[in-house]
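Subject: Structure for you to look at

Hello,

Here is the structure I said I would hand over, with the sequence alongside. My notes on what was found in it follow below.

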Amino acid sequence: MLNTIKRQMAFQKSRPMVQPACDVFINHHGVDTKRSIASLLYHQLVFLGIPSFLGNKNMKPGDKLFEHIDNAILGCKIGVAVFSPRYCESYFCLHELALMMETRKKVIPIFCDVKPSQLRVSDNKLCSQSETKRFGYALEEAKNRTPNWADVVTYAAELAELVKESLIEVDNKKNTRLITLESYTEYLY
């Protein structure tokens, strides 16, 4: 019996962890926004029944950071990038943003206590030249998207509604593509 339990425990440890899918990935610099807009938005989305990912809410000690976050981004439908004064100092924030942009996720930018023109990727020798270029491109692309609210904390409910509407839009486009594919398949046969 003890050997059976040990084998089951070993099997469970060897299995890759499958994290539940999330519709929304909240990208933010924790020091600046974890206890304000990022948490408010996360809780409002959960209240609306929208599965969302926020690092300090969805991750546990011992989780493989990049694997867990990258899987959440790849599985999400929409990203919300909460830009803040120290956002560009974080390798993780920039990596997440670049991955969202490269995988063509719909990204809603929020500028919290910072103007888009103040956001720049600096060559701080913490990342390679190609990563600096990659991060800079993603940042510029994200900064040019709308909406842009100066004080989004008072608009958490409106932001959650915008995210909800964006999810409906993404799902409708996905369903339209499926219907088109099904129609094409029927046409072939």
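Helices and strands here are DSSP runs, numbered from the N terminus, with at least four residues for a helix (H or I) and at least two for a strand (E). On that basis the order of elements in the protein, starting at the N terminus, is α-β-α-α-β-α-α-β-α-β-α-α. That gives 8 helices and 4 strands. The model is predicted, and confidence is therefore the place to start.

Confidence

The average pLDDT over the protein is 76, and 71% of the residues reach at least 70. The lowest confidence is in helix α1 (residues 2–14), with a mean of 42, while the highest is in α6, at 93. Two stretches fall below 50. In residues 1–18, where the pLDDT is below 50, the model shows 0 contacts beyond near neighbours in sequence. Residues 148–154 are also below 50, but this stretch has 14 contacts beyond near neighbours in sequence. Where pLDDT is low, the coordinates should not be read in detail.

Overall picture

Of the 189 residues in the protein, 38% are buried. Taking contacts between residues at least 6 apart in sequence, 78% join residues at least 24 apart.

Helix α6 and its two partners

Helix α6 (residues 91–102) packs against helix α7 (residues 129–143) at an angle of about 65°, and their axes are 9 Å apart. Angles of 65 to 115 degrees count as roughly perpendicular, so α6 is roughly perpendicular to α7. The crossing of these two helices is left-handed. On the α6 side the contact is made by Tyr91, Leu94, His95, Leu97, Ala98, Leu99, Met101 and Glu102. On the α7 side it is made by Glu131, Arg134, Phe135, Ala138, Leu139, Glu141 and Ala142. By class, the residues of this contact are 10 nonpolar, 1 polar and 4 charged.

Helix α5 (residues 65–75) also meets α6: their axes come within 10 Å and cross at roughly 35°. This crossing is right-handed. From α5 the contact uses Leu65, Phe66, Ile69, Asp70, Ile73 and Leu74, and from α6 it uses Tyr91, Phe92, His95, Glu96, Leu99 and Met100. The residues in the contact of α5 with α6 divide into 9 nonpolar, 1 polar and 2 charged.

Two buried residues

One residue of the α6 and α7 contact is worth a separate look. Which residues does alanine 142 touch, leaving out those up to four places away in sequence? They are Phe83, Leu97, Met101 and Pro109. Alanine 142 lies in helix α7 and has a relative accessible area of 0%, so it counts as buried. Its C-alpha atom is 9.9 Å from that of phenylalanine 83, although the two residues are 59 apart along the chain.

Serine 84 sits in the loop between β3 (78–83) and α6. Is serine 84 buried or exposed? The relative accessible area of serine 84 is 1%, so it is buried. Apart from neighbours within four places in sequence, serine 84 is in contact with His29, Asp32, Thr33, Cys112, Val114 and Leu119.

Helix α3

In helix α3 (residues 37–47) the buried residues are Ile37, Ala38, Ser39, Leu41, Tyr42 and Leu45. An α-helix has 3.6 residues a turn, so residues three or four places apart point the same way. After α3 comes glycine 49, with a positive phi near 85°.

Positive phi outside glycine

Most residues other than glycine have a negative phi. Two residues to check against that are arginine 104 and aspartate 113, each with a positive phi near 60°. Arginine 104 is in the loop between α6 and β4 (106–111). The relative accessible area of arginine 104 is 63%, so this residue is exposed. Aspartate 113 is in the loop between β4 and α7. Aspartate 113 is likewise exposed, with a relative accessible area of 67%.

Regards

Technical notes. Residues numbered from 1 in each chain as written. Predicted model: local features only at pLDDT ≥ 70, side-chain atom pairs only at ≥ 80, totals over all residues. Heavy atoms only, no water. Axes fitted to C-alpha atoms, helices over the stretch in contact; angles between N-to-C directions. Parallel < 35°, antiparallel > 145°, perpendicular 65-115°, else oblique. Left-handed = near helix turned anticlockwise from the far one by under 90°. Contact = heavy atoms within 4.5 Å. Nonpolar A, V, L, I, M, F, W, Y, C, P; charged D, E, K, R; others polar. pLDDT = per-residue confidence, 0-100. Buried < 20%, exposed > 50% of the residue type's maximum accessible area, 1.4 Å probe, protein only.
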